[in-house]
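Me: I would like to learn how to read a protein model, one feature at a time. Where should I start?

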Amino acid sequence: MKSLFSVFWQYMCRHLPATALRHIHTTLAVLVILQIINSNLLFFSHQGMPDSGWIATTFLWFHIVCGILTTLLTIVLIVYIARKQSFRRFYPYLWGENQAVLADLKTLCRFSLPDDRPQGLANIVQGLGIVALIGIEVTALLWLVLWQQHSLYANDIRVLHKTLTGFIEVYLVAHGGMALLHCWLERKLTR
């Protein structure tokens, strides 16, 4: 019997056939998960100052370095999308193209999962994930700059960054959960 990981990886290979995109997607997911776990090990005063000591400093700089890597990889993803795909695929509603998502919503109303297709619900959700990443990364970089300058606004931006992180946590659970559900259903149907 195949391991759950190998079954899921095969599912990913079928649904993200472009190797570069699959590796960008997987690396981004791992970095974001590491960021979320690590953020629970960071503690700040009411004024927004991080705890002192080598352990707290290590966790803080690990978070910053992973955040910078995540930001760079998000830029790579956006460039990839701009060159190989189309932003219209992920944000069709900005062009008034809602047919695919409406068809997907009708499919969901029949208690069935829609297929992944351009301008469909799955692609729109992925587009929202990119927007959430950008929001988190912009506030993180702004917070880092303000924190380094000892700005009075640094803690406010940190709180905003933490709030926006809640969106990506919900996204990870929903997006990852749907991928696992699709994988399980696909495997069940092929048996």
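Reply: Start with a single residue, and keep in mind that this model is predicted. A residue counts as buried when its relative accessible area is under 20%. His-161 has a relative accessible area of 9%, so His-161 is buried. This histidine is found in helix 7.

Me: Which residues is His-161 in contact with, leaving aside its neighbours within four places in sequence?

Reply: They are His-63, Ile-136, Thr-139, Ala-140 and Trp-143.

Me: Which residues touch the most other members in the largest nonpolar core?

Reply: A nonpolar core is built from buried residues joined through their side chains. The largest one here has 21 residues, and Leu-28, Leu-77 and Ile-168 touch the most other members. At least two residues of this core come from each of helix 2 (19–39), helix 3 (54–84), helix 6 (121–148) and helix 7 (154–190). Helix 2 gives the most, with six residues. For a closer view, take Leu-77: leaving aside neighbours within four places in sequence, Leu-77 is in contact with Leu-21, Ile-24, Leu-28 and Ile-130. Another core, of eight residues, lies apart from the largest one; among its members are Ile-64, Trp-143, Trp-147 and Ala-154.

Me: Which residues of helix 5 are buried?

Reply: Helix 5 covers residues 99–109, and its buried residues are Ala-100, Val-101, Asp-104 and Thr-107. To see how they are arranged, look down the helix axis: the buried residues of helix 5 fall within an arc of 115 degrees, so they line one face of the helix. The face turned away from that buried side carries the exposed residues Gln-99, Lys-106 and Cys-109. Helix 6 is included in what covers the buried residues of helix 5. Just after helix 5, Phe-111 takes a positive phi of about 60 degrees.

Me: How many residues does helix 6 have, and how far apart are its end C-alpha atoms?

Reply: The check compares an expected span with the one in the model. Helix 6 has 28 residues, which at 1.5 Å a residue should span 40 Å; the end C-alpha atoms are 41 Å apart, and this agrees. Just after helix 6, His-150 takes a positive phi of about 55 degrees.

Me: How many aromatic pairs are there?

Reply: Rings pair if their centres lie within 6.5 Å, and the angle between planes then sets the type: under 30 degrees is stacked, over 60 is edge-to-face, and the rest are tilted. By this rule there are two aromatic pairs. In one of them, the rings of Trp-61 and Trp-147 have centres 6.3 Å apart and planes at 50 degrees, so the pair is tilted. This pair links distant parts of the chain, with Trp-61 in helix 3 and Trp-147 in helix 6, 86 residues apart. Trp-61 is partly exposed at 39% relative accessibility, whereas Trp-147 is buried at 15%. Tyr-91 and Tyr-93 also form an aromatic pair, which is edge-to-face, with 6.4 Å centre to centre and 85 degrees between the planes. Tyr-91 is buried, with a relative accessible area of 10%, and Tyr-93 is partly exposed, with 35%.

Me: How many disulfides are there?

Reply: The test is whether two cysteine sulfur atoms lie within 2.5 Å. The count here is zero disulfides. Cysteines can still be read by their accessibility: Cys-13 is partly exposed, with a relative accessible area of 28%, while Cys-66 is buried at 6%.

Technical notes:
Residues are numbered from 1 along each chain as its sequence is written. This is a predicted model: local features need pLDDT of at least 70, side-chain atom pairs count only at pLDDT 80 or more; totals for chains, interfaces and linings use all residues. Side-chain values use heavy atoms; hydrogens and water are left out. A nonpolar core is a set of buried Ala, Val, Leu, Ile, Met, Phe, Trp, Tyr and Cys residues joined through side-chain atoms within 4.5 Å. Buried means under 20% relative accessible area, exposed over 50%, partly exposed in between (1.4 Å probe, protein chains only). Helices (H or I, at least four residues) and strands (E, at least two) are DSSP runs, numbered from the N terminus. Contact means heavy atoms within 4.5 Å. The arc is that of the directions from the helix axis to the C-beta atoms. The expected span of a helix is 1.5 Å times one less than its number of residues. Rings of Phe, Tyr and Trp (its six-membered ring) pair if their centres lie within 6.5 Å; planes under 30 degrees apart count as stacked, over 60 as edge-to-face and the rest as tilted.
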